[in-house]
Amino acid sequence: MHTATRCIALAIASALTGTLLATWSLASTAQTLKVGVTPGALADSVQVAIQEAKKQGLAVKLVEFTDWTTPNEALASGDIDVNYFQHQAFLDNAIKERGYKFGVAGVGVLSNIGLYSYRIKRFEDLKEGAKVGVASDPVNQGRGLLLLEKAGLIKLKDGVSTRATVNDVVANPKKLKLLEVEGPQLVRAIDDLDLAQGYPSHLVAAGKRDIASSALLYSGISDNYYAIRFVTRQDKVADARVLRFIQLYQESPAVREQLFKSNANDTKLYTLAWQPKG
């Protein structure tokens with residue numbers, strides 16, 4: 001074979017090899033499930049599930065976001081396949097505001113909330129006119145008010161449920177002063193209030209594990225509306241890879257161990273929302 005011919009043949013072979021490698025690489029990337037999360041307990045539990053999935057031949061990549069807007073934008077644009085950071089209340093609001101074509105492929109962990117106080121040990125000890133903090137955002141305020149109603153401190157207008165606001169309080173025997181506080185600030189606000197809605201996970205993150213475990217009352221499985229969802233685009237809700245990963249997450253003992261660890265080794269702080277009630 002002439003030198004020129006040999007060079008052409010080698011060039012063609014090289015090009016074909018490159019094309020095949022590129023095609024394989026693209027195929028491999030397409031088969032990798034991308035899961036969007038926010039840092040903390042959720043990311044830690046998903047990372048454990050990814051290791052479990054790897055053992056079973058399912059490739060999954062963790063994609064972290066530091067805000068609560070980008071994960072849905074990334075999902076809508078196809079940059080990720082599923083996200084795991086929002087409860088149903090947040091999702092419903094996002095769909096209403098932005099028109100996302102999303103669906104829920106599965107349910108995950110439910111972070112319970114609590115009613116905390118440094119000043120009283122029983123609700124009966126709460127004095128008339130006491131200052132009580134609730135979340136200021138509409139997504140979480142209803143949740144706190146429902147817990148106050150469960151504690152017997154207030155009564156809400158019939159039918160408002162999770163959409164309740166401070167304006168829906170129809171009975172307040174102790175004339176409690178309901179103060180609206182930004183969710184992330186409730187951890188600090190407990191110092192200046194007689195009672196406050198609190199997020200155990202925020203207290204744990206702030207290094208107050210003992211406080212996180214000392215609420216006067218916690219929400220639970222009846223609060224399932226606020227369990228974190230595995231959210232996909234509507235055309236991916238039945239995707240076999242997504243459903244397989246969710247199954248791994250829910251069934252893995254290692255994932256449950258991580259969730260326990262991330263919640264100060266206290267099962268009062270969270271609920272495995274996919275498990276049957278009872």
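The lining of the largest pocket comprises 16 nonpolar, 14 polar and 4 charged residues. The structure described here is a predicted model, and this report treats its pockets before turning to its strands.

**The pockets**

The largest pocket has a volume of about 1,000 Å³. Its lining consists of 34 residues, of which Trp68, Ser111, Tyr199, Ser201 and His202 are the closest to the centre of the pocket. Several elements contribute two or more residues to this lining: helix 2 (41-55), helix 5 (138-150), helix 7 (200-205) and helix 10 (253-262), together with strand 3 (82-87) and strand 5 (109-111). Helix 7 gives the most, with 4 residues.

The second largest pocket holds about 280 Å³ of space. Among the residues that line the second largest pocket are Ala89, Asp92, Asn93 and Lys96, as well as Pro138 and Val139. Thr162, Arg163, Thr165 and Tyr225 also belong to this lining. Helix 4 (88-98) and helix 5 each supply at least two of the lining residues, and helix 4 gives the most, with 4 residues.

The two pockets are set out below.

| Pocket | Volume | Classes of lining residues | Element giving the most |
|---|---|---|---|
| Largest pocket | about 1,000 Å³ | 16 nonpolar, 14 polar, 4 charged | helix 7, 4 residues |
| Second largest pocket | about 280 Å³ | 4 nonpolar, 3 polar, 3 charged | helix 4, 4 residues |

**The open sheet and helix 5**

An open sheet is formed by 5 strands in the order 10-7-11-6-12, with mixed pairing. Strand 10 (177-181) and strand 12 (217-218) each have a single partner strand, so these edge strands are left with one side that has no neighbour in the sheet. Within the sheet, strand 7 (residues 131-135) is joined to strand 11 (residues 195-198) by 2 bridges in the parallel sense. In this pairing, Val132 stands opposite Leu195 of strand 11.

Helix 5 packs on the sheet and touches strand 6 (114-116), strand 7, strand 10, strand 11 and strand 12. The direction of helix 5 makes about 140° with that of strand 7. Helix 5 also supplies residues to the lining of the largest pocket and to that of the second largest pocket.

**Strands 1 and 2**

Strand 1 (residues 33-37) runs parallel to strand 2 (residues 60-64), and 5 bridges join them. Leu33 stands opposite Val60 in strand 2. Of the 5 residues of strand 1, 4 are buried, so strand 1 is largely enclosed by the rest of the structure. Buried here denotes under 20% relative accessible area.

Terms used. Residues numbered from 1 in each chain as written. Predicted model: local features only at pLDDT ≥ 70, side-chain atom pairs only at ≥ 80, totals over all residues. Heavy atoms only, no water. 1 Å grid on protein atoms, 1.4 Å probe; cavity = no way out; pocket = protein on both sides within 12 Å on 5 of 7 lines; lining within 4 Å. Points joined across faces, edges and corners; volume = space filled by probe spheres on them. Nonpolar A, V, L, I, M, F, W, Y, C, P; charged D, E, K, R; others polar. Pairing = 2+ DSSP bridges. Contact = heavy atoms within 4.5 Å. Axes fitted to C-alpha atoms, helices over the stretch in contact; angles between N-to-C directions. Buried < 20%, exposed > 50% of the residue type's maximum accessible area, 1.4 Å probe, protein only.
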